[in-house]
Amino acid sequence: MGINIKHQCSFPLVFLATATLLLAGQATAIATATVSDLCAATEYKPLCRATLKGITDPNAAIEASINQVILKSKHAYFRSRTMGNDETTEICKEMYDDAITDLENSLKALKAKDKGTLDSNLSAAISYYSSCDDSYAEMGQESPFSKINIVLQHMVDNCLVLATQIH
C-alpha cells in the first residue's frame, strides 16, 4: 500500500509539470503575453501560468489560484488520512485542515475586498504547510508530504503576488 500511495502522490506533480509544458508550448502568443503580464512578478511563473490557464482578469486570477490551492490541499489532507494516526501525521491532518479553512476565508476576503485579511490568511496557509514538514523533521524523519507541501507553498506564494494586482 505504501508504494501505491507514493505513485498516487507523484501523479499530480507529473500532471502539473506536463500541463505546464503543454501550456508553455501550445498557448497562443496573445494569451501567453496576457497571462505572462499577470505572472510576470511571480517567482514560480510556469506554475502560475499553468494555474491561470489564460485568465487575464486579476480578480479572477487570484480566485482561480486560491481555488486550485484549496483543491490540492484537500488532496493532501485526504492522503494524510490514509497514512495512519501517528503524532506527526495527525499534525499534518490538522495543518491541512487549517490551511483549507484559511484559504476559504481568503476567498471571502477577496470578495469583501479586504486585502489585509486576504494577505494574512494566505501567509498563514504557507506556515501550515511548513509546520507539517517540521513535525517530521523534529522526529528525525523525512516528511512524506514534503513534495506536495513545496508545490502548495509555491502556489500560495504566487497567490500573494497576484493579490498585489487586484483593485
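A40 comes out as partly exposed, with a relative accessibility of 45%, and A40 sits in the loop between α2 and α3. This is a predicted model, so take everything below as computed from it. Although A40 and L162 are 122 residues apart along the chain, their C-alpha atoms are separated by 9.6 Å. L162 turns up again in the lining of the largest cavity, which is a good place to go next.

**The cavity**

- How many cavities of 30 Å³ or more does a search of the whole structure find? The search turns up 1.
- The largest cavity holds about 40 Å³ of space.
- Its lining is made up of L47, C48, T51, S65, V69, M155, N158, C159 and L162.
- Which helix gives the most to that lining? That's α7, with 4 residues.
- Helices α3 (45-52), α4 (58-81) and α7 (146-163) each put at least two residues into the lining of the largest cavity.
- Sorted by class, the lining has 6 nonpolar and 3 polar residues, and no charged ones.

**S65, a lining residue**

- S65 is one of the residues around the largest cavity, and its home is helix α4.
- Is S65 buried or exposed? With 4% relative accessibility, under the 20% cut-off, S65 counts as buried.
- Setting aside neighbours within four places in sequence, S65 is in contact with T51, L52, C159 and L162.
- Among those contacts, T51, C159 and L162 also line the largest cavity.

**Helix α3 and the residue after it**

- In α3, the buried residues include L47, C48, A50, T51 and L52.
- Among them, L47, C48 and T51 belong to the lining of the largest cavity.
- What follows α3? K53 does, and its phi is positive, near 45°.
- K53 is a residue other than glycine, and it is placed in the loop between α3 and α4.
- K53 counts as exposed, because its relative accessibility is 57%, and the cut-off for exposed is over 50%.

**Another positive phi**

- K113 isn't a glycine either, yet K113 has a positive phi of about 60°.
- Where is K113? You'll find K113 in the loop between α5 and α6.
- At 64% relative accessibility, K113 also counts as exposed.

**Aromatic pairs**

- The structure holds 4 aromatic pairs.
- One of the pairs is Y96 with Y129, which is tilted: the centres are 6.3 Å apart, with 45° between the planes.
- That pair links distant parts of the chain, with Y96 in helix α5 (residues 87-111) and Y129 in helix α6 (residues 115-138), 33 residues apart.
- Both Y96 and Y129 are buried.
- Why does the pair of Y96 and F145 count as edge-to-face? The ring centres are 5.8 Å apart and the planes are at 75°, and an angle over 60 degrees is what makes a pair edge-to-face.
- Y96 is in helix α5 and F145 is in the loop between α6 and α7, so this pair ties together parts that are 49 residues apart in sequence.
- Y96 has a relative accessible area of 0%, so it is buried.
- F145 also has a relative accessible area of 0% and is buried.
- Which residues do the ring pairs link into a cluster? Y96, Y129, Y136 and F145 make it up.

**The nonpolar core**

- In soluble globular proteins, nonpolar side chains tend to be buried together.
- Here, the largest nonpolar core has 39 residues.
- Which residues have the most contacts inside this core? They are I66, Y96, L103 and Y129.
- The elements giving two or more residues to this core are α2 (29-39), α3, α4, α5, α6 and α7.
- Two of those well-connected residues, Y96 and Y129, are also the partners in the tilted aromatic pair.
- With neighbours within four places in sequence left aside, I66 is in contact with L103, S106, L107, L118, L122 and C159.
- From that contact list of I66, C159 is a residue of the largest cavity's lining.

Technical notes. Residues are numbered from 1 along each chain as its sequence is written. This is a predicted model: local features need pLDDT of at least 70, side-chain atom pairs count only at pLDDT 80 or more; totals for chains, interfaces and linings use all residues. Side-chain values use heavy atoms; hydrogens and water are left out. On a 1 Å grid over the protein atoms alone, a cavity is a set of points where a 1.4 Å probe fits but cannot get out, and a pocket is an open set with protein on both sides within 12 Å along at least five of seven lines; lining residues have an atom within 4 Å of a point. Grid points are joined across faces, edges and corners, and a volume is the space filled by probe spheres set on the points. Ala, Val, Leu, Ile, Met, Phe, Trp, Tyr, Cys and Pro count as nonpolar, Asp, Glu, Lys and Arg as charged, and the others, Gly among them, as polar. Rings of Phe, Tyr and Trp (its six-membered ring) pair if their centres lie within 6.5 Å; planes under 30 degrees apart count as stacked, over 60 as edge-to-face and the rest as tilted. Buried means under 20% relative accessible area, exposed over 50%, partly exposed in between (1.4 Å probe, protein chains only). A nonpolar core is a set of buried Ala, Val, Leu, Ile, Met, Phe, Trp, Tyr and Cys residues joined through side-chain atoms within 4.5 Å. Contact means heavy atoms within 4.5 Å.
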